[in-house]
Amino acid sequence: MSFKLIDTHAHLNDVEDITAALTRAKQAGVSTIVAQGVDLASNKKNLEIKQKFSDMDIRLAFGIHPGNISDKEIEETFEFIRDHKSDIVAIGETGLDFWYQWVRKDDEEKKKQKEIFTRQIDLAQEFEMPIVIHSRGAWKECFSIAEEKNVERAVFHWYSGPEDALKNILNKGYFISATPALGYSKELRAAIEFAPMDQILIETDTPVFFRVEDGGFQSEPKDVFKTLGFLSEIKNIDLEKAANLLNQNAEKVFGK
Ligand SMILES: [Zn+2]
C-alpha cells in the first residue's frame, strides 16, 4: 500500500512475537498504533514496548478493563496511571461488560464495574483526554454514564449494540470503532453502515482469534488494512480516500 494507516486499538502486551508483528505492521504501512491497557501489568508492559520500539509511533491508553478488575490492584493501577500522565494520550480500555448472564444477575459486580468506569472517566476529564469504552452488553448503560458525566471525547470500541443506543452515541459526537469482525459481524456492519465517516475509527483489537468460519486468523496491527478493506466496500469509498479520512479521525481523538 502506498498510504499509511493508524491502528487505533491493539493489545500489544498480548502479542507473542512483538518484534515480528511490529515489523510486519511497518511493512504493511501502519504508521501509528494506539496500545490499550486493561490492568496494571498490561499498562506497564505497553509502556516498555513503546520505549523499546521507539522507532515506531506507539501511543498509549492506560486503563482498567471491566473484565480485568483486581480488587487489590485498583489503587496501585490508578496511581500508576497518574504517575504516567505524560506518557499517555487516552484512558482505556475501560467501560462495562454485562454480556454474561452471571454479571447481569450480580448487582455487586455491576456496581463495581460502574464505580471503576466512573473513576476512569473522572481521570480522563482531569487529564483532558479521550476515553476508550468497552460496552459489550452494556451499550445503553455506558452511554448514560458518559452522557451524565458530560464526557466530550469517547470511542465506543468494536460497537455491536442496538441502533437506538448508537443514535445517542453519534448525536453526542462520540466515535465508534470497527475491527476485522466487520467482515462477518452483522451487528458491527449495521453500525458502520449507519455511522457517518467522520465518527468512525478502525482497529484490530490485536490479538483477537477469529474463528475459521470467520476467516480463521489471529489479528495483529497489520490487519487494520483488512478492516479498511471491509469499510471501504461498505461505505463505497476508495481505499486511499477512506484511509485519509480515518487517519484524520484517529488524530482528532488520539492526537498528541
Ligand atoms: Zn480491546
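Which strands does helix 10 (residues 239-254) lie across, and at about what angle does it run to strand 8? Keep that question in mind while the sheet is brought into view, and remember throughout that this is a predicted model.

**The sheet**

Begin by colouring the strands, eight of which form an open sheet in the order 1-2-3-4-5-6-7-8, with parallel pairing. The edges of this sheet are strand 1 and strand 8 (200-202), each of which pairs on one side only, and the twist from one strand to the next averages 30°. As background for what the viewer draws, strands of a sheet pair through backbone hydrogen bonds, either parallel or antiparallel.

**Strand 1 and its neighbour**

Next select residues 5-10, which make up strand 1; six of its six residues are buried, so this strand is largely enclosed by the rest of the structure. Add residues 30-36, and you have strand 2, which runs parallel to strand 1 and is joined to it by four bridges. To find one position in this pairing, label I6, whose bridge partner in strand 2 is T32. If you then show residues 18-28, you can follow the chain from strand 1 through helix 1 to strand 2, a β-α-β crossover that is right-handed.

**Strands 5 and 6, with helix 6**

Move along to residues 131-134 and 154-156, which are strand 5 and strand 6, paired in the parallel sense over three bridges. Within this pair, V132 stands opposite V155 of strand 6. Now add helix 6 (residues 139-148), which packs on the sheet and touches strand 4 (88-95), strand 5 and strand 6, its direction making about 175° with that of strand 6.

**Helix 10 and helix 9**

Return to the opening question by selecting residues 239-254: helix 10 lies across strand 1, strand 2, strand 3 (57-62), strand 4, strand 5, strand 6, strand 7 (175-178) and strand 8, and it runs at about 100° to strand 8. With helix 10 still selected, add helix 9 (residues 224-235), and note that the axes of the two helices come within 9 Å and cross at roughly 110°. Helix 9 is therefore roughly perpendicular to helix 10. Showing side chains here brings up the contact itself, made by L228, G229, L231 and S232 on helix 9 and by L239, A242, A243 and L246 on helix 10. Sorted by character, the residues of this contact are six nonpolar, two polar and no charged.

**Backbone details worth a stop**

Two peptide bonds deserve a careful look at the backbone. The bond joining G92 and E93 is cis, with omega of about 15°, and E93 lies in strand 4. The bond between T206 and P207 is likewise cis, with omega of about -10°, and P207 is found in the loop between strand 8 and strand 9 (209-210).

Finish with E128 and N150, which can be inspected in turn. Although E128 is not a glycine, it has a positive phi of about 55°; its place is in the loop between helix 5 (107-127) and strand 5. At 66% relative accessibility E128 counts as exposed, the cut-off for that term being over 50%. N150, which is not a glycine either, has a positive phi of about 60° and lies in the loop between helix 6 and strand 6. With a relative accessible area of 54%, N150 is exposed.

How values were computed:
Residues are numbered from 1 along each chain as its sequence is written. This is a predicted model: local features need pLDDT of at least 70, side-chain atom pairs count only at pLDDT 80 or more; totals for chains, interfaces and linings use all residues. Side-chain values use heavy atoms; hydrogens and water are left out. Buried means under 20% relative accessible area, exposed over 50%, partly exposed in between (1.4 Å probe, protein chains only). Two strands pair if DSSP finds at least two bridges between them. A crossover is right-handed if, with the strands pointing away from the viewer, the path from the first strand over the helix to the second runs clockwise. Axes are lines fitted to C-alpha atoms, for helices over the stretch in contact, and angles run from 0 to 180 degrees between N-to-C directions. Contact means heavy atoms within 4.5 Å. Angles under 35 degrees count as roughly parallel, over 145 as roughly antiparallel, 65 to 115 as roughly perpendicular and the rest as oblique. Ala, Val, Leu, Ile, Met, Phe, Trp, Tyr, Cys and Pro count as nonpolar, Asp, Glu, Lys and Arg as charged, and the others, Gly among them, as polar.
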